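Okay, everyone, grab a seat. I'll put the sequence and the structure up on the screen, and then I'll walk you through the parts I'd like you to look at.

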Amino acid sequence: MQYVLASASPRRKELLKQLLPNFEIIVSDVDESGIHISVSEQLACGLAEAKCSAVFANNKDKTVIAADTIVVYNGRVLGKPANKNDAFQTLKMLSGNVHEVITGVCVQSPFKKVVGFEKTFVKFNILSDEFIKNYVEGGSPMDKAGSYGIQDKGVVCDYKGSYSNVVGLPIGLTRKLLEAAGKH
């Protein structure tokens, strides 16, 4: 079986290498702004499924893996920051607080399409304005939901659940979905 990762994320690519030694990358052209689902878990799964279906449409003989990670704080979905000020405000809001990271994963093979999600609770350190400013200026927050990476030093003090989920691809769930999609 040939595999496709429907993502431009270098972090997802590295995580998927733990499960699959060989796969190609085809980025979906889904306009995420047109997908409106109020339940966070369903939103993450819906976005992953839309990306997966878009890539699978032209690769029906392959198994396509897609994911979408969202950060939820007080019922509000926090996407990637629009600019540095947005990143600063998001990090300031999350400072010292607990939020949820939900990743929807969709795997579609010629035999079956399966979808699931993983949820991790993440607690931030109390971040000073100076720390946040330096972190934002370093550029790391700009391509990440919630404006941070769990792998970046000093941001996160604790988490409950899957570390790889917060990075962008829950390994255990992805393994289960790959197995389920491969069965006739």
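Let's start with Asn74: it is exposed, with a relative accessible area of 69%. Keep in mind that we're looking at a predicted model. Asn74 sits in the loop between strand 3, residues 63-73, and strand 4, residues 76-78. Its phi is near 50 degrees, which is a positive value in a residue other than glycine.

Now go to Ser147. Is Ser147 buried or exposed? Ser147 counts as buried, because its relative accessibility is 0% and the cut-off for buried is under 20%. Ser147 isn't a glycine either, and its phi is positive, at about 65 degrees. You'll find Ser147 in the loop that runs between helix 4 (129-137) and strand 7 (156-160). So here are two loop residues to hold side by side: Asn74 is exposed, while Ser147 is buried.

One more residue while we're at it. Ile25 belongs to strand 2, residues 24-25. With a relative accessibility of 37%, Ile25 counts as partly exposed. Try clicking on Ile25 and then on Ile35: they are 10 residues apart in sequence, and their C-alpha atoms are 23 Å apart in space.

Okay, zooming out to the whole chain. How many helices and strands does the protein have? The secondary structure comes to 6 helices and 7 strands. If you read along the sequence, the pattern goes β-α-β-α-β-β-α-β-β-α-β-α-α. Of the 184 residues, 49% count as buried. The C-alpha atoms fill a box of roughly 55 × 30 × 25 Å along the principal axes. The radius of gyration is 16 Å, and that agrees with a compact globule of 184 residues, which would have a value near 16 Å.

Next, the strand pairing. Strand 5 (residues 98-108) and strand 6 (residues 113-124) run antiparallel, with 11 bridges joining them. Those two strands form a hairpin, and 4 residues lie between them. If you want one pair to find on the screen, look for Gly104, whose bridge partner in strand 6 is Phe117. Strand 6 is also joined to strand 7, by 4 bridges, and that pair runs antiparallel as well. There, look for Val122, which stands opposite Tyr159 in strand 7.

Now, the largest pocket. It holds about 650 Å³ of space. Which elements give two or more residues to its lining? They are helix 1 (10-16), helix 2 (40-56), strand 3, strand 4 and helix 5 (163-167). Strand 3 gives the largest share, with 5 residues. There are 35 lining residues, and Arg12, Lys51, Asp68, Thr69 and Lys80 are the ones nearest the centre of the pocket. By type, the lining divides into 19 nonpolar, 8 polar and 8 charged residues.

Last bit: confidence. The average pLDDT for the protein is 94, and 99% of the residues score at least 70. Where is confidence lowest, and where is it highest? Confidence is lowest in strand 4, at a mean of 92, and highest in strand 6, at 98. As a general habit, don't read predicted coordinates in detail where pLDDT is low.

That's my tour. Shout if you'd like me to go back to any of it.

Conventions. Residues are numbered from 1 along each chain as its sequence is written. This is a predicted model: local features need pLDDT of at least 70, side-chain atom pairs count only at pLDDT 80 or more; totals for chains, interfaces and linings use all residues. Side-chain values use heavy atoms; hydrogens and water are left out. Buried means under 20% relative accessible area, exposed over 50%, partly exposed in between (1.4 Å probe, protein chains only). Two strands pair if DSSP finds at least two bridges between them. On a 1 Å grid over the protein atoms alone, a cavity is a set of points where a 1.4 Å probe fits but cannot get out, and a pocket is an open set with protein on both sides within 12 Å along at least five of seven lines; lining residues have an atom within 4 Å of a point. Grid points are joined across faces, edges and corners, and a volume is the space filled by probe spheres set on the points. Ala, Val, Leu, Ile, Met, Phe, Trp, Tyr, Cys and Pro count as nonpolar, Asp, Glu, Lys and Arg as charged, and the others, Gly among them, as polar. pLDDT is the predictor's confidence in each residue, from 0 to 100. The radius of gyration is taken over C-alpha atoms; the globule rule is 2.2 Å times the number of residues to the power 0.38.
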